[in-house]
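User: I am new to this structure and would like a close look at a single part, the surroundings of the ligand. Please set that part within the chain as a whole and explain each term as you go.

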Amino acid sequence: MRRMPARAGTSALARLLGMLALVALVTVPELATAQESEPQPEAFPAERGVYLNPERAPTADLDTLLRTLSDREMPDERLDGFTYWQNPALGFVTAPDNRVWRDFRTYWTKWIHGILIVLAAAAVLGLFFWRGSQGYERDPRGRRVPRFRFLDRVVHWTTAISFVLLALTGLNFVFGRQLIQPWAGDAAFGALSQGALVLHNQVGFAFLIGIVAMAGLWVQDNLFNRVDREWLRQAGGLPSGRHVPAEKFNAGQKLIFWIAVLGGLAMGTSGILLMLPISTIGMGWMQVLHGGHTIVAALMIATIIGHAYLGSVGVSGSFDAMWKGDVDRQWAATHHPLWIERLERDRGTGADAEPEAPRAEPAE
Ligand code: HEM
């Protein structure tokens, strides 16, 4: 480590201070929210690392600090620089833990998201070419069965639209620099990313409310039972091409429900905690929460790609359920026979009963 030359003049020192403050601002801009908080002198537990500290004298010159900051290797000892920030936690620039997080953020996150998205897209394409769109015979009497109430549909589409916005803005944080910045240019990409961050933070609340409402509305129909064991044993009839009896939701749908609810709650709560200033929960927890938020996001995006396929192209007639609220009776009898049996038993109607008034279909 090189020490500051003793005869460094005032202007050199001023330059050093200015540039170190700049380094701090460039390296950890997201930490600026904690600028106002109380100093935390105990915020430097690690001895190895680079620290920009308002309270300690610099022990390294600017060249050494800049080189160490851009190196992938940790310095062998502690290097101190100077920052104008009054909160020492903000000067915690490069310590062993921070490097692990930085590598995760800049490298592993891309692989985790990339691999899961490609796998989900491949699974959907494979399913389409293997089984095509699952059809059904239309009910000869044109009967339709109510499946989702207006409230169910409002909750579902609020959650779905907010999820898509969250996914797109979130993926910009992961892939934007590689995929968008080169052709959009620095200024446009900067503005876009700033807008994306604001949108991401706001829409997160709508998503969380949607998930909580969805859980309350549908939990009863998504509890696993013996019927689901058989459905899972036969892998939903996929290998045999035969329909396996199911209630209102089959076991695959129930899995999607629980992934959406538990994953959504985890994303929402970690997202809110990540919005707090860093001094509230500490740098270490911020890094853990950030890693968890990213991994659960990748799993949910992959799951929802599969769900969106099955709810539209994969199972024909399905989209009607969530868009119009009702389905052809034969669709229900094909995919959810135990549900339609119970529904008709409860209502005192049946396959041979008088037809319900068919929905007025637009002329073809
Ligand atoms: C973005 C495109 C989406 C499409 C096209 C879509 C479509 C559908 C459809 C058609 C159904 C009714 C299925 C049936 O009646 O059997 C449904 C149900 C459901 N959706 Fe979505 N959905 C989308 C996004 C989402 C998102 C983002 C979530 C949650 C994060 C979600 C959670 C659910 C749940 C829990 C159900 C009930 C269980 C199930 O059918 O899997 N959906 N969706």
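Analyst: Two residues are in contact when heavy atoms of theirs lie within 4.5 Å of each other. In the protein chain, 79% of the contacts with a separation of 6 or more are between residues 24 or more positions apart. This is a predicted model, in which local features need pLDDT of at least 70 and side-chain atom pairs count only at pLDDT 80 or more, while totals for chains, interfaces and linings use all residues. Residues are numbered from 1 along each chain as its sequence is written, and side-chain values use heavy atoms, with hydrogens and water left out.

The protein chain holds 12 helices and four strands, where helices (H or I, at least four residues) and strands (E, at least two) are DSSP runs numbered from the N terminus. Of its 364 residues, 38% count as buried, a term that stands for under 20% relative accessible area, with exposed meaning over 50% and partly exposed the range in between (1.4 Å probe, protein chains only).

Turning to the ligand, there are 22 residues around it, and Arg147, Phe148, His156, Gln253 and His307 come nearest; a residue is near a molecule or strand if one of its heavy atoms lies within 4 Å of it. The shell divides into 16 nonpolar residues, five polar and one charged, where Ala, Val, Leu, Ile, Met, Phe, Trp, Tyr, Cys and Pro count as nonpolar, Asp, Glu, Lys and Arg as charged, and the others, Gly among them, as polar.

Three of the nearest residues also make polar contacts with the ligand, a polar contact being a pair of N or O atoms within 3.5 Å (within protein, one must be able to donate a hydrogen and the other to accept it, and residues adjacent in sequence count only if both atoms are side-chain atoms). In the side chain of Gln253, an N or O atom is 2.6 Å from an oxygen atom of the ligand, whereas for His156 a polar side-chain atom lies 2.8 Å from a ligand nitrogen, and for His307 a side-chain N or O atom is 2.7 Å from a nitrogen atom of the ligand. Two or more residues of the shell come from each of helix H4 (150-179), helix H6 (186-218), helix H8 (251-275), helix H9 (278-314) and helix H10 (318-323).

His156 and His307 have a further part here, since both coordinate the iron atom of the ligand through NE2, at 2.0 Å. Donors are N, O and S atoms within 2.8 Å of the metal (3.2 Å for Na, K and Ca), and water is not among the atoms, so sites may look incomplete. The pair links distant parts of the chain, with His156 in helix H4 and His307 in helix H9, 151 residues apart.

Why is the arrangement around the iron atom octahedral? The six donor atoms subtend angles of 86 to 179° there, which makes it so: six donors count as octahedral if opposite donors are over 155 degrees apart and all others between 65 and 115, four count as square planar under those limits and as tetrahedral if all angles lie between 85 and 135 degrees, and anything else is irregular. Ideal angles are 90 or 180 degrees for six octahedral donors.

The two histidines can also be described by their accessibility: His156 counts as buried because its relative accessibility is 11%, while His307, with a relative accessible area of 30%, is partly exposed.
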